[in-house]
Structures are given as C-alpha cells and as structure tokens.
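Me: I would like to learn how empty space inside a protein is read, and I would be glad if you went slowly.

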Amino acid sequence: MSHATLSPKRDSLRGATLPKWFAWAVAAASLVLGYGISAAAGLDSDIQWALIAAVLFVVGSYALSAKIEGSRQAKDRTATSLVWVAFLLAVIPLASLLWETAERGVKVLDGYFLTHSMGVVADAEPGGGIYHAILGTLEQVGLATLVSVPIGVLTAIYLVEYGRGKLAKAVTFFVDVMTGIPSIVAGLFILSLWVLILKMGPSGFAGSLALSILMIPVVVRSTEEMLKLVPNELREASLALGVPKWRTILKVVLPTSVGGIITGVMLAIARITGETAPVLLLVWGTDFINANPFQDPQESLPMYIYLQWANSGGSGAAFDRAWAAALTLIAFIMILNLVARGIARWKAPQTGR
C-alpha cells in the first residue's frame with residue numbers, strides 16, 4: 001500500500017500586507033518627487049511644492065496598495081492618507097505662526113519688558129514694556145469671569161435639573177443665539193448701554209461686561225454637557241435617602257462634574273483673552289498704569305498689540321514690541337489650556353480598583 005505525501009493547504013484570511021514603514025517610505029518619496037517637480041517647473045512657492053507632494057502621497061499610496069493588497073485595503077489607506085494630509089494642512093500654518101511669533105517676539109521679551117509700562121516712551125523709541133497691558137488684561141478677564149461663571153453655571157443647572165416648558169426652551173434658544181454673537185456686537189451693546197445711555201465712560205469694567213456676554217454661553221454649554229454626564233443613579237440614590245434636590249445638586253452632582261466645569265471655564269477664559277473689538281470700543285487704551293478697572297481707560301494685551309502695530313508702520317521698535325506682546329499673549333493662553341487639561345486629569349473619575 002503506497003502512501004502519498006500530501007502537503008497541507010494553508011488558507012489565510014488575510015492577503016498580502018505591506019510593511020509598517022510603507023506609509024513613511026511613500027511620504028519620503030513624495031516629498032523628493034514633489035521638490036523635483038517643483039524645481040523643474042520653476043515653482044518658488046513652498047505651498048505649491050507641499051501640495052504636489054500631498055497629491056503624490058495620496059495617489060502613490062492608493063496605487064501601490066491596490067496592486068499588492070487589493071482595492072479594499074487601498075481605499076482604506078487612501079482615507080487614512082487624506083486624514084493625514086488634512087491634519088498637516090491644519091497644523092503647518094499654526095506651527096509656522098508660532099515659530100514666526102517666537103522668532104520675532106524674543107528680540108525684546110525680557111524681564112524689563114514684562115515689568116515696565118510705556119510711560120513717556122514714544123512709539124518710535126526703543127524701550128518700554130507691557131506691564132500695564134498685562135495688569136489690564138488680568139483685571140478685565142478676572143471681572144468677566146466673576147460675572148460670567150455664576151450666571152453660566154446656575155443657568156446650566158436650571159436647564160439640566162429643573163428646565164421644563166417654555167421658559168427652558170426660551171433660555172436654550174437665547175444661549176444658542178449668544179453663542180454666535182460677534183464680539184463687535186457685544187461691544188456695541190455695552191457701548192450704547194453703559195457709555196452712551198448711563199454716561200459711565202470707558203473703563204476696564206465696561207470691557208469686562210462685553211467679554212462676559214461672549215463668555216456666558218460657552219460656560220453654559222460646557223457646564224450643561226458635564227452635568228448631563230453625571231449618572232442619574234447618583235441623583236436617585238441621594239433622593240432616596242431623603243436628601244432635598246438642591247442639596248443633591250450641591251453635594252453630589254456638582255462635585256462629580258467639577259473637573260469638566262472648571263475645564264470649560266478655563267477654555268472660556270482663554271477664548272475671551274484675545275478679544276480686541278470690545279476692548280477697542282470700551283476700554284480705549286493708555287500708555288500708563290491704571291490699576292483701577294472701574295475708572296478711566298485701561299490697556300490690555302490685544303489692544304497693546306494693535307496700537308503698537310498700527311504705530312509701527314511695519315518696522316521699528318514698536319513693531320518688535322507688538323511681536324513680543326503677541327508671544328506673551330500666546331503663552332498666557334497656552335498656560336490656561338494646559339491648566340485646564342491638568343484639572344481635567346486631576347478631577348477625572350477614577351476607573352478600576
């Protein structure tokens with residue numbers, strides 16, 4: 001009896017697969033080819049070169065993947081390539097802006113610049129600083145926060161915990177409308193009410209009122225979403241023990257969502273810190289230190305940047321001060337965002353044992 005030797009067939013659920021470094025290799029080749037095509041065509045713009053490289057990357061990824069892996073996997077790689085291209089198109093301008101601001105801003109950014117005001121320094125002269133602008137920004141944003149946070153948090157609590165009927169629908173509608181209000185409209189509203197009708201004059205507090213209009217809807221929306229994430233079981237357990245609803249909100253709901261609420265507040269603060277239009281209409285600006293936000297014009301970082309740029313003509317000492325102030329403002333907003341992320345991690349609900 002003869003026994004035939006049979007080699008077993010090995011059925012694979014997966015076909016040929018390209019290596020992990022495939023995407024990087026195609027990206028490198030696309031950059032080289034894109035640069036070569038751009039140089040051969042006499043294109044001097046880096047944007048044109050980058051766009052050619054992006055098209056080559058997407059097309060090359062699809063063609064090679066379709067030939068080796070099949071059309072289905074090729075379509076998946078094409079979608080992934082488009083996502084990466086879109087990501088780079090969004091990140092590269094931002095990185096370029098940050099690099100340009102940092103490169104030009106460090107020329108005059110030092111301890112003296114941060115601790116002195118413009119005083120009697122003329123716009124065309126070197127020297128001076130942004131201490132008065134930093135002080136004004138902190139006071140204006142701080143007052144806007146004191147006005148906005150209680151109103152925003154209480155409004156969100158009403159909408160989530162008590163909101164029923166026409167009043168809740170009306171509040172929700174107006175919050176949605178306020179979310180899309182341009183900053184100049186908020187400034188004009190406070191200008192007509194506070195300055196023209198009540199005759200209170202320009203001040204840091206007037207600017208804070210306009211900034212609070214822009215901040216309230218952001219606080220309401222972020223707080224509302226955080227409150228909705230609190231499990232209803234926690235509320236029901238507290239109410240089953242005979243705890244009043246207001247005390248349940250105060251002792252159970254708010255502590256559970258406080259991390260997200262604080263994060264939303266910090267992001268709202270970062271959002272209004274760079275606003276210029278309300279400050280231009282209501283605060284006006286001054287070269288001297290004014291620590292009283294309730295009287296007389298005051299300076300702020302966005303206003304300082306605008307005035308220095310407008311008076312510089314695109315060069316000179318005022319031009320350098322404008323870049324340094326812009327770098328300071330960016331650093332301040334980045335610090336706020338990092339603090340918000342840190343608080344979110346610190347107050348995040350603990351999972352596992």
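Reply: Let us begin with the residue classes: Ala, Val, Leu, Ile, Met, Phe, Trp, Tyr, Cys and Pro count as nonpolar, Asp, Glu, Lys and Arg as charged, and the others, Gly among them, as polar. This is a predicted model, in which local features need pLDDT of at least 70 and side-chain atom pairs count only at pLDDT 80 or more, while totals for chains, interfaces and linings use all residues. Residues are numbered from 1 along each chain as its sequence is written, and side-chain values use heavy atoms, with hydrogens and water left out.

Me: How is empty space found, and what volume does the largest cavity have?

Reply: Rolling a probe the size of a water molecule over the atoms shows where empty space is left. On a 1 Å grid over the protein atoms alone, a cavity is a set of points where a 1.4 Å probe fits but cannot get out, whereas a pocket is an open set with protein on both sides within 12 Å along at least five of seven lines; lining residues have an atom within 4 Å of a point. Grid points are joined across faces, edges and corners, and a volume is the space filled by probe spheres set on the points. Here the largest cavity has a volume of about 40 Å³, and its lining divides into five nonpolar residues, four polar and one charged.

Me: What is the volume of the largest pocket, and how does its lining divide?

Reply: The largest pocket has a volume of about 810 Å³, and its lining residues divide into 18 nonpolar, four polar and three charged. Among the 25 lining residues, Ala27, Phe57, Trp84, Val85 and Leu88 lie nearest the centre of this pocket.
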